[in-house]
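Open the model in your viewer and keep the selection tool at hand. This tour goes stop by stop, with something to select at each one.

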Amino acid sequence: MTNEALQNLISSWIPELEFTEEGSQFLNISVKPDQLHQLLSKLKSNTETSFDYLFCLTGIDYEKAMGIVYHLESTTHRHIIVVKVQTEDRENPTFDSVCDIWRTAEFHEREVFDFFGIKFNNHPNLKRLFLTEDWDGFPLRKDYVDEINMVIK
Amino acid sequence: MNTMNISLNITKTITELLSGFMSEGAANIGAMVTIALIYLAIFAVAGLYLVLLERKVAAWFQLRLGPNRVGYWGLLQTMADALKLVSKELTGTVKADKFLYNLAPYFVIVSSLMALSVFPFTQEFQAFDINIGVFFLIAISSIGVIGILLGGWASNNKFALIGAMRSGVQTISYELSVGLSLLTMVLLTGTLQLSEIVEVQKNGWLIVQGHIPAVIAFMIYMIAGTAETNRAPFDMVEAESELGAGFHTEYSGMKFAYFFLAEFINMFIIAAIATTVFFGGWLSPFGITESIPWLGVFWFIGKTFMLVFLMMWFRWTFPRLRVDQLLTLEWKYLLPLNLLNIILMAVIVWLNLTIQF
Amino acid sequence: MDTNIANSNLKSEDYFINMGPQHPATHGVLRLLLTIDGEIIKKVEPDLGYIHRSIEKMCERDSYQQIVHLTDRMDYLSSHINNEAVCLTVENALQLEIPDRVKVIRTIIGELTRIASHTLWWGVMGMDVGALTTYFYGFRDREMINDIFEETCGARLTMNYNIPGGLMFDIHPNFVKRTKEFIAHFKTKLPEYDTLLTGNVIFQKRMKGVGILTKEDAISFGASGPVGRGSGYSCDVRKHHPYSALDKVTFNEALKTDGDSFARYQVRIEEMWESMSIIEQLIDNIPEGDVQVATNAVIKLPKGEFYQKVETARGELGVYINSTGTKNPYRLKFRSPGFSNLSLLNHIAVGGKIGDLVASMATLDLVIPDIDR
Amino acid sequence: MSYFGDIYKGIKTLLTGMSVTGKYFITSRKGAITQQYPDNRETLKMFERFRGEVVMPHDENNEHRCTGCQKCELACPNGSIEIIWDRQIDPESGKKKKMIDKHVYHLGMCTMCGLCIEACPTDAIVWAQNFENSVYDRSYLTKVLNQPNSKLKAGVEE
């Protein structure tokens with residue numbers, strides 16, 4: 001389905017979504033954190049869209065806000081869509097976990113928690129994946145400082 | 001000619017030699033000790049060169065050259081390894097069961113060396129010609145398992161324990177097939193004494209005499225023999241990719257050398273039993289070198305090394321079986337075949353359809 | 001009726017085993033915490049991070065040329081295809097027009113890297129399952145490809161032959177001759193792989209029905225590459241989103257449906273045949289032309305997000321660049337194939353034996369720096 | 001009867017597998033694929049593009065082409081090149097000019113990526129083909145590429 005058809009169909013589900021296409025090859029949807037899980041499960045279950053392949057889940061630190069970018073692809077219709085979600089709260093950013101929709105999210109969300117400190121509620125075992133348990137700070141945040149290993153050129 | 005014969009029967013000659021200036025009992029013990037030392041020396045060196053042969057054969061299979069740095073053509077390589085192992089520190093795990101941990105290697109090396117004493121190398125050249133030869137060999141080879149189980153359990157290492165459990169299961173179930181396949185051949189010879197078995201084969205090797213059932217018994221025996229010595233494709237005991245080094249993970253220095261040497265001497269024993277029982281020990285193919293008895297040693301060693309090469313060929317070609325597949329192979333395939341084979345052989349012997357020359 | 005310890009008062013706890021980080025079957029520093037009951041595996045819990053160098057953090061301070069050289073160290077067995085991924089992302093972002101010669105050379109060297117990675121996988125696969133000689137036959141063929149790369153790019157493993165805008169320098173005069181020699185040699189040797197290992201009854205018994213992965217699980221776990229195609233899930237990026245000169249070649253995607261270790265094994269063997277046919281279609285008519293498009297020394301990507309998918313030997317590598325117009329990316333994420341392929345290890349290994357875990361891990365073809373980044 | 005059938009099939013596949021290794025065993029006289037490295041050091045010649053180590057070629061009267069422009073230092077991803085330059089009076093034109101003093105190259109940190117050679121405008125540094133770079137002390141790995149009292153070759157600036 002083309003981006004416009006996708007846009008009309010999806011905006012019919014949840015009214016207040018913003019659709020943009022500039023600055024990216026795919027249709028971008030920004031959604032509020034509380035509608036995130038509902039939108040994503042609908043995107044997967046609906047037969048016309050059937051986004052059953054979450055191939056990339058990225059955490060981003062926008063300095064004023066923390067966000068996650070979901071790249072979804074449908075293995076049947078072969079179209080790709082990007083869903084973005086942001087939250088201003090930097091001390092305790094939490095989103096709904098999507099690992100009940102896509103099993104691959106389990107590891108990706110643990111990685112985002114490990115590097116950004118974004119918590120996901122009802123995630124099976126949200127522990128640090130790469131770093132040791134007692135590592136303080138979240139390395140991929142912009143304000144992370146580590147004199148020893150970070151070589152600032 | 002008879003001077004050659006007398007000198008060959010080493011046990012009698014040494015006891016007569018010693019009884020000259022010792023009492024009868026002391027002479028016997030003296031003879032036994034000297035023969036034991038001679039055999040130990042011969043087979044320790046033979047073990048080393050078997051290791052070298054294995055490494056060279058493996059290299060030729062794998063488009064490599066194998067050891068060629070130490071000594072001319074790499075001949076001293078395993079000698080150097082042995083020296084290194086002697087000088088290595090004997091480390092051990094702290095919570096290991098010290099006594100059993102140190103006892104395990106001796107079980108393994110003693111059982112494999114004891115089995116060497118009954119082999120008829122030529123006409124008279126046999127340390128002990130006991131009349132239950134084959135039965136003695138099977139009994140001895142089961143003692144080695146205790147050593148492996150002890151070593152795996154006592155070294156308090158999880159991987160070693162799994163390795164030891166696997167080896168226990170494997171050796172017990174495959175002794176069955178070794179015993180039964182040798183039993184089929186004993187039906188033909190009628191005697192357990194190894195020198196008698198070789199005598200019977202004067203008119204045709206057993207594998208020829210027993211034609212079809214003998215060949216089946218030989219194939220089962222080779223499969224079970226390879227499994228008996230924990231060699232590929234049944235080497236779950238020290239499966240590199242699964243358990244690291246298996247039961248001898250925690251051993252180092254001479255203790256590891258015992259395990260390592262025992263494995264290769266066991267391989268030699270399995271091959272030697274096969275040559276004695278199936279391929280007529282030291283008999284030349286059509287009695288061509290009957291006149292010079294001591295030439296028999298080369299025939300015996302030659303046949304044994306052919307079978308050792310066959311076992312090495314197995315090792316460097318086949319992947320490893322899983323433990324449960326190994327057991328199904330034994331209980332569901334080898335055992336029924338063996339029993340059928342015994343009945344077949346009994347029928348043939350009863351109707352004496354054997355091929356005699 | 002559960003005859004064993006259930007009704008006896010003998011209490012038995014779980015038996016934990018550390019498989020790794022130094023373990024022959026993990027091909028690198030991956031630690032698996034196994035909960036086993038005798039030989040049967042109850043739970044596999046990977047513990048990662050032993051070779052984590054935070055490549056994504058480094059990319060945030062490096063220029064785009066410098067990022068390309070970092071990707072060599074991620075999946076070192078398909079380092080050329082990783083470089084190509086970043087270069088393609090940057091070139092598409094700048095809308096650079098890449099000459100055909102560069103596209104064809106990139107595809108040929110990409111397919112050669114795939115064959116090199118699969119021959120190494122085949123050798124190590126045999127070693128994991130117990131046949132130690134396959135290692136040397138696999139490496140004999142891989143050495144010929146390494147020599148081709150050494151002659152053309154100067155390095156055997158971490159090539160860094162691509163730069164944003166084309167190639168560093170042109171291919172070596174006897175690149176074509178050597179590649180043809182290799183193809184002729186490998187055509188006689190690949191059938192030997194089948195007689196030695198594929199046909200072997202012990203190998204088939206060890207691989208068939210081990211580590212079953214259904215198609216839905218493959219998609220849900222995000223499995224890509226031969227792991228996904230072994231379960232019938234068509235995920236070849238070269239087919240669905242072709243890049244470089246892949247749209248000019250015809251090849252069929254190796255698909256198997258029964259999803260066990262043997263299917264994944266057969267997919268990779270078939271892929272080697274496909275890669276050889278792709279190289280043959282391209283090797284004879286490499287178009288003339290220069291190998292580099294002029295880009296200014298400091299590359300600045302326009303503001304926006306750019307995503308590029310590439311099919312490495314292990315699966316689908318995605319490069320996601322979120323740029324704010326400065327000379328280094330605001331955020332750069334590598335979607336590594338090994339990461340998702342590892343996440344399904346627990347799902348396929350539970351219930352099997354330790355031997356099965358090693359066999360299915362070998363068919364997942366994990367490269368640990370690719371997972372840890 | 002499939003019982004005996006699959007036994008026969010099994011043994012047949014085992015034997016074909018053994019035939020492959022047997023063929024290699026017999027033809028092992030053709031020589032091994034492994035390289036006998038320490039023995040073939042004289043005859044071993046690396047490909048001319050092999051990336052061994054970055055060196056600065058000097059011609060016969062000890063002149064090199066490096067102008068000290070620091071482009072390679074900027075291009076290097078892990079800071080393994082340091083250019084120490086100073087302003088000296090150029091003997092011909094008498095003006096103050098930027099002259100290279102020491103081109104420090106840390107071989108220990110270099111990842112052989114080739115970006116410095118790519119970025120050098122005057123092709124002053126090239127790849128050497130030696131690969132035996134192990135040393136007993138890390139300080140030997142920091143090398144100064146331009147030989148002492150070497151000068152910039154005339155005519156390189158234009």
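Which residues of helix 1 of chain D are buried? Select D:Gly17, D:Val20 and D:Thr21: these are the buried residues of that helix. Bear in mind throughout that this is a predicted model.

**Stop 1: helix 1 of chain D**

Stay on this helix and show residues 2-26 of chain D. It has 25 residues, which at 1.5 Å a residue should span 36 Å. Put a distance between its end C-alpha atoms: they are 35 Å apart, so the span agrees. Now show what lies against its buried residues. They pack against helix 3 (24-61) and helix 13 (296-315) of chain B, together with helix 6 of chain C.

**Stop 2: strands of chain D**

Select residues 81-89 and 96-106 of chain D, which are strand 3 and strand 4. The two pair in the antiparallel sense over nine bridges. For one such pair, pick D:Gln88; its bridge partner in strand 4 is D:Lys97. Next add strand 6 of chain D, residues 142-144. Strand 4 and strand 6 of chain D are also antiparallel, with three bridges. Here D:His106 stands opposite D:Thr142.

**Stop 3: helix 5 of chain B**

Move to chain B and select residues 98-114. This is helix 5, with 17 residues. From its first C-alpha to its last it reaches 25 Å, close to the 24 Å expected at 1.5 Å a residue. Colour its buried residues: B:Tyr101, B:Ala104, B:Pro105, B:Phe107, B:Val108, B:Ile109, B:Ser111, B:Ser112 and B:Leu113. What do they pack against? Show helix 3, helix 6 (133-154) and helix 12 (254-278) of chain B; these are the partners.

**Stop 4: chain C as a whole**

Hide the rest and look at chain C. It has 15 helices and eight strands. Its radius of gyration is 22 Å, close to the 21 Å that the globule rule gives for 373 residues, so chain C is as compact as a globular protein of that length. Along the principal axes, its C-alpha atoms fill a box of roughly 80 × 50 × 35 Å. Buried residues make up 58% of the chain. Consider contacts in chain C between residues at least 6 apart in sequence: 70% of them join residues at least 24 apart.

**Stop 5: a sheet in chain C**

Select strands 6, 7 and 8 of chain C. They form an open sheet of three strands in the order 6-7-8, with antiparallel pairing. The edge strands are strand 6 (304-311) and strand 8 (331-335), each pairing on one side only. On average, neighbouring strands are turned by 10 degrees against each other, direction ignored. Zoom in on strand 7 (residues 316-323), which pairs with strand 8 over five bridges. C:Gly318 stands opposite C:Arg335 in strand 8. Then add helix 3 of chain C, residues 79-93. Helix 3 packs on the sheet, touching strand 6 and strand 7. Its direction makes about 145 degrees with that of strand 6.

**Stop 6: where chain C meets chain A**

Bring back chain A. Here 28 residues of chain C are in contact with 25 residues of chain A. Which element of chain C gives the most to this side? Strand 7 does, with four residues. Elements that each supply at least two residues include helix 1 (55-59), helix 8 (215-220) and helix 12 (337-343) of chain C. Colour this side by class: seven nonpolar, eleven polar and ten charged residues.

**Stop 7: where chain C meets chain D**

Swap chain A for chain D. Now 21 residues of chain C are in contact with 22 residues of chain D. Helix 2 (64-71), helix 5 (134-153) and helix 6 (175-198) of chain C give two or more residues each. Helix 5 gives the most, with four residues. By class, this side of chain C has five nonpolar, ten polar and six charged residues.

**Stop 8: C:Thr134**

Finish on one residue. C:Thr134 is in helix 5 of chain C. Is it buried or exposed? It is buried, because 27 other C-beta atoms lie within 10 Å and 20 or more are enough to count as buried. Leaving aside neighbours within four places in sequence, C:Thr134 is in contact with C:Trp122, C:Gly123, C:Gly126, C:Met127, C:Leu196 and C:Leu197. For a last distance, pick the C-alpha atoms of C:Thr134 and C:Val293: they are separated by 43 Å. Along the chain, these two are 159 residues apart.

Key. Residues numbered from 1 in each chain as written. Chains lettered and ligands numbered in written order. Predicted model: local features only at pLDDT ≥ 70, side-chain atom pairs only at ≥ 80, totals over all residues. Pairing = 2+ DSSP bridges. Axes fitted to C-alpha atoms, helices over the stretch in contact; angles between N-to-C directions. Contact = placed C-beta atoms within 7 Å. Nonpolar A, V, L, I, M, F, W, Y, C, P; charged D, E, K, R; others polar. Rg over C-alpha atoms; globule rule 2.2 N^0.38 Å. Buried ≥ 20, exposed ≤ 12 C-beta atoms within 10 Å, placed from the backbone. Expected span 1.5 Å × (residues − 1).
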